[in-house]
Amino acid sequence: MNDGSSFGNLADTLRDELYRYSPGEKLPSSRVLVDRFGVSPVTVSRALAALAAEGLVVTRPGAGAYRARSSATGPRTVDTSWQQVALTVEEQHGEPAPRVVDASGVTTSLAVPPPGVIAFNGGYLHSSLQPGQALGAALARAARRPGAWDMPPLEGLTALRAWFAREAGGPGGTLGPANVLVTAGGQAALTTALRALAPPGSPVLVESPTYPGAMAVARAAGLRPVPVPVDEDGVRPDLLADAFAATGARVFFCQPLFQNPTGAVLAADRRRRITEIARAAGAFLIEDDFARRLGHGAEPPPPLVADDPYGTVVHVTSLTKPTSPSLRVGALVARGPVMERLRAIQVVDSFFVPRPLQEATLELVGAPAWPRHLRAVSAGLRERRDAMSAALHRELPGLMAEVHVPIGGYQLWLRLPDGTDESALAAASLRAGTAVAPGRPYFAAEAPAPYVRLSFADTSGTEEIAEGVRRFAAACAETGVDTA
Ligand SMILES: Cc1ncc(COP(=O)(O)O)c(C=O)c1O
C-alpha cells in the first residue's frame with residue numbers, strides 16, 4: 001500500500017516494472033536506481049524492503065536484489081490437501097465427515113462494507129455514536145492505575161464484578177461480585193455458557209428466529225440448535241414447554257429484551273412463565289441481555305436473572321454494543337454451583353480478560369460522561385429508527401404493513417413477499433450500494449418466510465438512512481419484489 005511517501009512511490013514504480021525481469025533475475029543495483037529515480041539510497045533500500053515484505057523481491061546482503069522466483073513455485077502451490085484429511089474427524093457411526101466451523105453467522109455483521117456502501121448490516125454503533133473521547137480518557141486513566149498490567153483476579157476485578165452485579169440485579173438486588181464472571185464480551189460469554197451447560201451432541205433450544213452467532217457457537221461446540229418460535233411478545237411459552245418435552249434439552253438460549261432480529265420484548269406475563277418452564281424441565285435459561293443499554297427511551301424491564309432465586313437463569317451482558325466492538329468486556333451472571341463450572345471453562349480456554357481493559361471499563365462506567373453517553377446513544381438510535389421506518393413507509397409501503405417498530409435495539413426485521421429470493425435481493429442491494437442481512441441465517445431450521453434485517457446502528461444519520469433505503473428499494477424493484 002502506498003501512503004504517498006517517496007519510498008512508497010518508488011515501490012509502486014518498481015512493482016509495475018518487475019515483469020521486465022525474469023524470476024530470479026538480478027534487479028539494477030541500488031546506485032543505478034538512485035541515479036535513475038533521483039532519490040536517496042535510503043529511499044531505494046526502503047522501497048526494496050517493502051517489495052521484499054510482499055514476497056516480490058528477494059534481497060541478498062552484499063549481492064543485491066532479485067525478482068522473487070515465480071509465485072508458481074512459492075507457498076501458494078504447496079500441496080496442502082493433506083489438511084482436508086486431517087481436519088476430518090471420525091463420526092460415531094464410523095463414517096468420516098468434515099467437522100466444519102461455520103463463521104458466516106457472525107462475519108455478516110462484522111464485515112466492513114466496501115467504501116461508499118451503506119452498512120444496513122452492521123451490529124455495532126457508528127463511530128459518530130461511539131464514546132471515542134470518553135474511551136480514550138478512560139484508557140489513559142486506566143494505564144496510570146497502580147498495577148494496571150498485573151494479573152487480575154481470574155474472575156475479574158472485584159469492583160467491576162460488583163458493578164455488573166448491580167446492573168443485573170436491579171435496585172436492591174441480591175446479586176454480588178461472587179455471582180459475576182468478567183468475560184471478553186458477549187460472544188465469549190455465550191461460548192463459555194454453552195460449553196459449560198450442554199455436553200457435545202445435546203440439543204439446545206433457541207428462539208426462532210435468533211442471533212446467528214449464538215447458533216454458530218452452539219454448532220461449533222457440537223450442540224444441536226432446536227427452534228422455538230417467537231411472536232411480537234417474545235418466545236411462545238406453550239411451544240417452549242413442548243420443545244423441552246420433545247427434546248429433553250437442558251438449555252434454552254433467549255433474548256428477552258429487544259430481541260435480535262425481531263426487536264421483540266418478552267411480555268410481562270411470559271417473563272415468569274418461561275423461567276418456570278425451564279426450571280420444571282431441569283434446564284438452564286441463558287438470558288442474552290445484549291441490548292439493555294440500547295433502549296430508545298422507556299425504562300426496560302429488569303433482567304430475568306434479577307428475579308430468579310433458583311439459579312435457572314445464566315445472564316449474559318456486554319459493553320461492546322453501547323460503546324465500541326473493541327471494548328470486549330462483558331459478564332456472565334448466575335447463582336449456584338454453575339458459577340464454578342463457568343469459571344473453570346473460561347480459565348481453561350483463555351485464562352482471564354486483560355486487566356488494562358477491565359480497568360478502563362471501570363474508569364468509563366464510573367465517569368460522569370457515562371450516563372450522558374447512554375442518553376445520547378438512546379436518542380441517536382431513536383432518531384435513526386424513525387428515519388428508517390419513515391423512509392421505508394415512503395419507498396416500500398407494502399413491506400411495512402406488518403412491521404413491528406422496536407422500542408430498543410438497532411434493527412428492523414422485514415418480512416418479504418413469499419417466493420422472494422433473499423440472497424438475490426441482498427446481492428442486488430449490495431450492487432446498488434446498501435449492504436443488508438438476509439433472514440435465512442437467523443433460523444435454526446427451515447425459515448417460515450423470506451426476511452431481511454435492516455440495521456440502523458452503523459449509519460452516520462438520517463440522510464444516509466434515506467439514501468440507503470432508496471438503494472434498497474431500487475434493488476427490490478430490480479429483483480421483482482412486490483413492495484406496493
Ligand atoms: C444477540 C447478540 N448477542 C451477543 C452478541 C455478541 O456481541 P459482543 O461479543 O460484541 O458482546 C451479538 C453481536 O452481534 C448479538 O447480536
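Helices and strands here are DSSP runs, numbered from the N terminus. With that in hand, here are some close-ups of this predicted model.

**View 1. The loop between β10 and α11 holds a cis peptide bond and an unusual phi.**
Start with Pro261, which is found in the loop between β10 (251-254) and α11 (268-280). The peptide bond leading into Pro261 from Asn260 is cis, and its omega is near 20°. Phe258 has its place in the loop between β10 and α11 as well. Phe258 is not a glycine, yet its phi is positive, at about 50°.

**View 2. A cis peptide bond joins Ser208 to Pro209.**
Zoom in on the bond between these two residues and you'll find omega at about 5°. As for where this is, Pro209 sits in the loop between β7 (203-208) and α9 (212-220).

**View 3. The ligand makes polar contacts with side chains of the protein.**
Look at Tyr124 to begin with: an N or O atom in its side chain is 2.5 Å from an oxygen atom of the ligand. Lys321 brings a polar side-chain atom to 2.6 Å from a ligand oxygen. Asn260, which we met at the cis bond to Pro261, has a side-chain N or O atom 2.8 Å from an oxygen atom of the ligand. As for how covered the ligand is, it exposes 400 Å² when taken alone, and the protein buries 97% of that.

**View 4. A shell of 14 residues goes around the ligand.**
Pull back a little from the contacts. Of the 14 residues here, the ones that come nearest are Tyr124, Asp288, Ser318, Lys321 and Arg328. Sorted by class, the shell has 7 polar, 4 nonpolar and 3 charged residues. Helix α8 (residues 185-197) gives the most to it, with 3 residues. The space that the ligand takes up is the second largest pocket.

**View 5. The largest pocket holds about 540 Å³ of space.**
The lining is made of 21 residues, and those closest to the centre of the pocket are Arg292, Arg293, Glu299, Pro300 and Leu374. Two elements, α7 (158-169) and α14 (369-395), give two or more residues each to this lining. Of the elements, α14 gives the most, with 5 residues. The lining counts 12 nonpolar, 5 charged and 4 polar residues.

**View 6. The largest cavity has about 50 Å³ of space.**
Searching the whole structure turns up 3 cavities of 30 Å³ or more. Around the largest of them are Leu14, Glu17, Leu18, Tyr21, Leu27, Pro28, Leu33 and Arg36. Helices α1 (6-17) and α2 (30-37) are the elements that give two or more residues to this lining. In terms of class, the lining has 6 nonpolar and 2 charged residues, with no polar ones.

**View 7. The second largest cavity has a volume of about 40 Å³.**
Here the lining is Pro256, Leu257, Leu266, Arg271, Glu287, Arg292, Pro301, Pro302, Pro303 and Leu304. You may recognise Arg292 from the largest pocket, where it is among the residues closest to the centre. By class, the lining of this cavity divides into 7 nonpolar and 3 charged residues, again with no polar ones.

Technical notes: Residues numbered from 1 in each chain as written. Predicted model: local features only at pLDDT ≥ 70, side-chain atom pairs only at ≥ 80, totals over all residues. Heavy atoms only, no water. Near = heavy atom within 4 Å. Polar contact = N/O pair within 3.5 Å; in protein donor to acceptor, adjacent residues only side chain to side chain. Areas by Shrake-Rupley, 256 points an atom, 1.4 Å probe, with all protein chains shown as cover. 1 Å grid on protein atoms, 1.4 Å probe; cavity = no way out; pocket = protein on both sides within 12 Å on 5 of 7 lines; lining within 4 Å. Sits in = over half its atoms within 2 Å of the grid points. Helix = DSSP H or I, 4+ residues; strand = E, 2+ residues; numbered from the N terminus. Nonpolar A, V, L, I, M, F, W, Y, C, P; charged D, E, K, R; others polar. Points joined across faces, edges and corners; volume = space filled by probe spheres on them.
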